[in-house]
Amino acid sequence: EVYRITVSTEVADEAVRERLRLHPGSVVIARSRRYLADGFPVETAVSYIPLDIAGGTAIEASNPGPGGIYARIEELGHRLDRFVEEVTARMPTPDERRDLQLGNGVPVLRVVRTAYDGSGRPVEVCDTVKAAPAYILEYELPAR
């Protein structure tokens with residue numbers, strides 16, 4: 001359940017720029033969400049989409065429509081091909097502790113996913129922070 005969503009236009013920081021292969025000063029659409037489970041916050045997520053893809057589209061709306069932003073990205077000609085995820089565990093920042101209402105000593109999982117289209121262009125970065133006790137991460141990978 002999404003509890004809060006905000007959409008803004010901002011200059012991409014260095015980490016997002018590198019993942020999206022953007023030049024310094026490049027602008028992105030940032031979609032921030034906080035998710036609840038059984039009424040408790042368990043996850044925050046921010047998606048960053050290059051302005052040249054998302055600007056002036058439904059991706060800038062609080063509700064981007066059926067299928068979410070991935071459906072909108074594909075409708076704009078960027079057929080999604082693959083995702084790369086980086087998963088780390090750490091203690092939360094003070095803001096994350098507040099936003100996720102975490103007690104002392106409770107770690108978070110950070111998952112940074114980059115979505116690529118069929119041409120190999122990165123079209124979205126999603127930076128997610130999860131309350132570690134609320135999640136099990138399971139991956140199925142083909143053997144070949």
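This passage describes the salt bridges, the largest pocket, a nonpolar surface patch and a loop residue of a predicted model.

The structure contains eight salt bridges, several of which are considered here in turn. In one of them, the side chains of Arg19 and Glu86 come together with a nitrogen-to-oxygen distance of 3.3 Å. Because Arg19 belongs to helix α1 (residues 14-20) and Glu86 to strand β4 (residues 80-90), this pair ties together parts of the chain that are 67 residues apart in sequence. Arg19 is partly exposed, its relative accessible area being 26%, and Glu86 is likewise assigned as partly exposed, at 39%.

A further salt bridge joins the side chains of Glu43 and Lys130, with 2.9 Å between N and O. Here strand β3 contributes Glu43 and strand β6 contributes Lys130, so that the contact ties together parts 87 residues apart in sequence. Both Glu43 and Lys130 are buried, which means that each has a relative accessible area under 20%.

The salt bridge between Arg72 and Glu75, in which the closest N and O atoms are 2.8 Å apart, is contained within helix α3 (residues 68-75), where the two residues are three positions apart, or about one turn of the helix. The partners differ in their accessibility class: Arg72 is buried, with a relative accessible area of 11%, whereas Glu75 is exposed, with a value of 58%. In addition to these pairs, Asp95, Arg98 and Asp99 are linked to one another in a network of salt bridges.

The search for open space in the model was considered next. Rolling a probe the size of a water molecule over the atoms shows where empty space is left. The largest pocket found has a volume of about 230 Å³, and its lining is made up of 16 residues, with Thr44, Ala45, Val46, Glu96 and Val129 lying nearest the centre. Four elements, namely β2 (27-37), β3 (40-50), α4 (94-100) and β6, each supply at least two residues of this lining, and the largest share, which amounts to four residues, comes from β3. When the lining residues are grouped by class, nine are charged, four are nonpolar and three are polar. Strands β3 and β6, which contribute to the lining of this pocket, are also the strands in which Glu43 and Lys130 lie, respectively.

On the surface, Val87, Leu137, Tyr139 and Leu141 form a nonpolar patch, and together these residues present about 390 Å² of accessible area. One member of the patch, Leu141, is located in the segment that follows β6 (122-131). The relative accessibility of Leu141 is 70%, and this residue therefore counts as exposed, the cut-off for that class being over 50%.

A contrasting case is provided by another leucine, Leu102, which is found in the loop between α4 and β5 (108-117). Leu102 has a relative accessible area of 11% and is therefore classed as buried, since values under 20% fall into that class. The C-alpha atom of Leu102 is separated by 7.5 Å from that of Ala131, although the two residues are 29 positions apart along the chain.

How values were computed: Residues are numbered from 1 along each chain as its sequence is written. This is a predicted model: local features need pLDDT of at least 70, side-chain atom pairs count only at pLDDT 80 or more; totals for chains, interfaces and linings use all residues. Side-chain values use heavy atoms; hydrogens and water are left out. Patches are made of residues with over 30% relative accessible area and no salt bridge: like charges are joined within 9 Å, nonpolar side chains (Val, Leu, Ile, Met, Phe, Trp, Tyr) within 5 Å. Accessible areas come from the Shrake-Rupley method with a 1.4 Å probe; for residues, only the protein chains shown count as cover. A salt bridge is a side-chain nitrogen of Lys or Arg within 4 Å of a carboxyl oxygen of Asp or Glu. Buried means under 20% relative accessible area, exposed over 50%, partly exposed in between (1.4 Å probe, protein chains only). On a 1 Å grid over the protein atoms alone, a cavity is a set of points where a 1.4 Å probe fits but cannot get out, and a pocket is an open set with protein on both sides within 12 Å along at least five of seven lines; lining residues have an atom within 4 Å of a point. Grid points are joined across faces, edges and corners, and a volume is the space filled by probe spheres set on the points. Ala, Val, Leu, Ile, Met, Phe, Trp, Tyr, Cys and Pro count as nonpolar, Asp, Glu, Lys and Arg as charged, and the others, Gly among them, as polar.
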